[in-house]
Amino acid sequence: MPLPTGPVIGIMMDNLRKRKSVFPISRRKAIKWSKDLEIPEGGETVLYTGSMYQLLPYMLAAVNRMGKMEDSFLGKFVGMGRFFNKMINVSSIMFRPKRADHKRFRKIIRDIARLLQQAGVEFGYLYKKELYAGALAFDMGADATFAAHAKRVHEMLKEQGVRSLITIDPHTTNVLRSVYPTIIDDFDIEVKSYLEVLAARDTLRPVNGVEGSITVHDSCVYARYEDVIDEPRMLLQRAGYTVKEPKDNRTLTHCCGGPIESLFPSMAHQIGEKRVQQLKDANGSKVATMCPICMATLQNAAGDALEIDDISAFLVQAFCEEEQKPQEG
Amino acid sequence: MAKVNPAFIEKLKTSEEFNATACMNCGVCSAVCPMEIELLPRKLFRYALLGLEDKVLEHTDTIYQCLLCKMCEANCTADVHIAENVRSLRTYISKEVYKL
């Protein structure tokens with residue numbers, strides 16, 4: 001039996017209103033990926049993570065817990081959970097992320113920043129001032145909550161003098177680039193995905209030889225909402241990989257199932273399995289994703305059958321030297 | 001017995017993108033849906049246009065099961081803004097039912 005949608009969405013929206021994020025995440029943890037990268041604070045052009053990659057460990061913990069509650073009597077108590085969550089941060093007690101998940105998602109953001117540095121892109125980072133962009137609230141139709149949060153994000157960006165954002169995931173790119181301007185009259189901040197920035201610059205040259213093929217899994221949001229389709233392929237080819245395509249690709253890409261994972265975990269898993277079969281049928285063992293939700297959902301559905309990783313992991317192998325100091329967990 | 005609420009469609013039009021009337025009921029959206037949701041969006045939009053609020057709300061879970069992936073829109077011959085229309089239904093439920 002599915003979990004009651006109202007209370008589950010309610011908990012996430014209460015968190016966004018009260019705690020500025022759909023899942024509780026400490027700012028200290030959210031910025032940990034940037035250690036020793038010497039990224040300046042602030043500036044007109046900033047790398048905007050929108051905390052999506054940092055939130056994934058919490059989402060995975062929540063999905064794991066809620067998946068177990070889906071067919072259990074405990075599902076009936078979600079409404080009560082929402083009541084208490086307004087007063088105390090229940091979600092932070094219930095959903096304990098794995099340390100290994102924190103580490104692997106931090107590495108992705110770090111790789112993306114290193115690729116931008118290697119390409120000679122000048123950018124800053126807002127560190128603890130950065131906020132989640134609100135994509136989940138928009139998708140859930142919680143328009144009042146989303147609008148209030150978007151206003152808060154816009155005011156923060158204006159106060160910091162930001163004129164250009166380099167985003168790192170499709171959902172943050174979409175809400176900032178295509179939704180904010182429809183609800184905020186004077187929103188004039190340029191928004192580009194790091195994939196677009198890197199592809200347009202053409203300043204990355206391989207420093208390590210790589211070989212083999214990579215199957216591209218297009219994110220629905222990048223491909224059908226934001227027209228980011230050629231850039232990932234271009235970058236993989238420049239790196240030295242052969243690009244493979246699954247049956248459903250580019251503007252007709254197949255969803256990973258992730259968008260409904262927080263409400264209907266079992267159904268999301270079934271969609272993920274269908275997509276994994278298409279990726280297997282492309283006859284390549286490595287798959288590149290460009291969205292943290294796609295990556296986590298497909299990895300979960302594929303098990304050990306495919307090597308599914310964020311595109312940045314494959315690009316950094318070719319374009320960047322190996323980091324000298326291992327990042328501490 | 002279905003109850004008709006003439007004001008329902010007006011409440012759904014929270015965005016200029018809402019264009020359920022453009023749907024020709026051809027069924028391509030249902031055929032290509034990765035979720036294989038037969039109901040969405042054809043019948044649902046028809047219920048909404050007819051003011052059948054109760055029938056729409058009966059399918060609340062289905063409305064939230066939509067992935068908003070736009071596979072249907074990419075194949076729609078009538079340029080229906082399917083994802084935004086579904087989102088409008090969610091906006092209505094969030095506000096009127098869940099009181100968010």
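This note covers the interface between chains A and B and the cavities of a predicted model.

1. Start with the contact. Chain B contributes 23 residues and chain A contributes 31 residues. The area buried between the two chains is about 2,200 Å², with 62% given by carbon and sulfur atoms. On the chain B side, Leu67(B), Arg87(B) and Leu100(B) lose the most area to chain A, together 27% of what that side buries.

2. Look next at the charged and polar pairs. The rule finds one salt bridge across the interface. Arg87(B) pairs with Asp143(A), and their closest N and O atoms are 2.9 Å apart. Twelve residue pairs are in polar contact across the interface.

3. Helices α5 (60-65), α6 (71-75) and α7 (82-97) of chain B each give two or more residues to the side that touches chain A. The largest share, six residues, comes from α7(B). By class, this side of chain B has twelve nonpolar, five polar and six charged residues.

4. The structure holds four cavities of 30 Å³ or more. The largest has about 310 Å³ of space. Its lining counts 26 residues, with Met59(A), Leu136(A), Gly258(A), Pro259(A) and Ile293(A) nearest the centre. α3(A) gives the most to this lining, five residues. The lining divides into 19 nonpolar, four polar and three charged residues.

5. The second largest cavity has a volume of about 170 Å³. It is lined by 16 residues, and Cys33(B), Cys66(B), Leu67(B), Cys72(B) and Ile82(B) are the closest to its centre. α7(B) provides the largest share of the lining, three residues. This lining has 15 nonpolar residues, no polar and one charged.

6. Note Leu67(B) in both settings. Leu67(B) is among the residues of chain B that lose the most area to chain A, and Leu67(B) is also one of those closest to the centre of the second largest cavity.

Terms used. Residues numbered from 1 in each chain as written. Chains lettered and ligands numbered in written order. Predicted model: local features only at pLDDT ≥ 70, side-chain atom pairs only at ≥ 80, totals over all residues. Heavy atoms only, no water. Contact = heavy atoms within 4.5 Å. Buried area = accessible area lost by both parts, 1.4 Å probe. Salt bridge = Lys/Arg side-chain N within 4 Å of Asp/Glu carboxyl O. Polar contact = N/O pair within 3.5 Å; in protein donor to acceptor, adjacent residues only side chain to side chain. Helix = DSSP H or I, 4+ residues; strand = E, 2+ residues; numbered from the N terminus. Nonpolar A, V, L, I, M, F, W, Y, C, P; charged D, E, K, R; others polar. 1 Å grid on protein atoms, 1.4 Å probe; cavity = no way out; pocket = protein on both sides within 12 Å on 5 of 7 lines; lining within 4 Å. Points joined across faces, edges and corners; volume = space filled by probe spheres on them.
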